[in-house]
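Student: Please take a close look at the charged side chains of this chain and how they pair. I would like the setting of each pair described, along with the residues around it.

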Amino acid sequence: MVNVPKVRRTYCKKAKRHTIHKVTQYKAGKASIHPQGKRRYDRKQRGYGGQTKPIFHKKAKTTKKIVLRLECTETKARKMLPLKRCKHFELGGDKKRKGQMIQF
């Protein structure tokens, strides 16, 4: 379980100093219909003849690398920060306390 705070004080290239950054999890945007590869694929798929290109089935990985999107609160400059692979990711969850009793 990886727990990351929602704000982080880190270096901003635009401000050229450490500033407070808002942290969010990166999510890929909707795929565009305009790239050359997509246009070529759609053209090839048209008409009779079934599936023309291989569909990948042998998926080996069970996790994805977590990517954080840091946005500077002053300059609005954004940067990506990749983390290691993990199964459970939490943004701004409760911090673990040492020597605390478990409450039900």
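Tutor: D42 and K38 sit 4 residues apart in helix α1, so about one helical turn separates them. In this predicted model, the two form a salt bridge whose closest N and O atoms are 3.1 Å apart. Both partners are partly exposed: D42 has a relative accessible area of 31%, and K38 one of 34%.

Helix α1 covers residues 36-45 and also holds R39. With a relative accessible area of 43%, R39 is partly exposed. R39 belongs to a positive surface patch, together with R40, K44 and K53. A residue in a salt bridge is left out of such patches by definition, and K38 has its bridge to D42.

The count of salt bridges comes to 3. One of them joins the side chains of R17 and E74, with 2.6 Å from N to O. R17 is in strand β3 (residues 17-25) and E74 in the loop between β4 (64-72) and β5, so this pair ties together parts that are 57 residues apart in sequence. The general background is that side chains of opposite charge can pair when their charged atoms come close. R17 is partly exposed at 44% relative accessibility, and E74 is partly exposed as well, at 47%. Leaving aside neighbours within four places in sequence, E74 is in contact with R17 and T19. As for its position relative to the helix pair, the C-alpha atoms of E74 and D42 are separated by 44 Å, with their places 32 residues apart along the chain.

Another salt bridge pairs R78 with E71, the closest N and O atoms being 3.7 Å apart. Here the two partners differ in cover. R78 counts as exposed because its relative accessibility is 54%, above the 50% cut-off. E71 counts as buried because its value is 13%, below the 20% cut-off.

The surroundings of the R17 and E74 pair can be followed residue by residue. T75 is found in the loop between β4 and β5, as is E74. T75 is partly exposed, with a relative accessible area of 24%. Not counting residues up to four places away in sequence, T75 touches C12, K14 and A15. In the other direction, T75 and F56 are 19 residues apart in sequence, yet their C-alpha atoms are 42 Å apart in space.

K76 is found in the loop between β4 and β5 too. Its backbone has a positive phi of about 65 degrees, although K76 is not a glycine. A positive phi, near 60 degrees, is also found in K16, again a residue other than glycine. As a general point, most residues other than glycine have a negative phi. K16 has its place in the loop between β2 and β3. K16 is exposed, with a relative accessibility of 65%.

T10 gives a view from strand β2, which spans residues 7-12. At 16% relative accessibility T10 counts as buried. With neighbours within four places in sequence set aside, the contacts of T10 are R17, H18, T19, H21, L70 and K79. R17 is thus in contact with T10 and is also the salt-bridge partner of E74. T19 is likewise listed among the contacts of T10 and those of E74.

One further lysine lies at the other end of strand β5. K87 is found in the loop between β5 (78-86) and β6 (89-91). At 64% relative accessibility, K87 counts as exposed. Apart from neighbours within four places in sequence, K87 is in contact with T62 and T63. The C-alpha atoms of K87 and I66 are separated by 9.5 Å, the two residues being 21 apart along the chain.

To return to the pairs themselves: D42 with K38 lies within helix α1, whereas R17 with E74 links strand β3 to the loop between β4 and β5. In the pair of R78 and E71, the arginine is exposed and the glutamate is buried.

Key:
Residues are numbered from 1 along each chain as its sequence is written. This is a predicted model: local features need pLDDT of at least 70, side-chain atom pairs count only at pLDDT 80 or more; totals for chains, interfaces and linings use all residues. Side-chain values use heavy atoms; hydrogens and water are left out. Patches are made of residues with over 30% relative accessible area and no salt bridge: like charges are joined within 9 Å, nonpolar side chains (Val, Leu, Ile, Met, Phe, Trp, Tyr) within 5 Å. Accessible areas come from the Shrake-Rupley method with a 1.4 Å probe; for residues, only the protein chains shown count as cover. A salt bridge is a side-chain nitrogen of Lys or Arg within 4 Å of a carboxyl oxygen of Asp or Glu. Lys and Arg count as positive and Asp and Glu as negative; His and the chain ends are not counted. The place of a charge is taken as NZ of Lys, CZ of Arg, CG of Asp or CD of Glu. Helices (H or I, at least four residues) and strands (E, at least two) are DSSP runs, numbered from the N terminus. Buried means under 20% relative accessible area, exposed over 50%, partly exposed in between (1.4 Å probe, protein chains only). Contact means heavy atoms within 4.5 Å.
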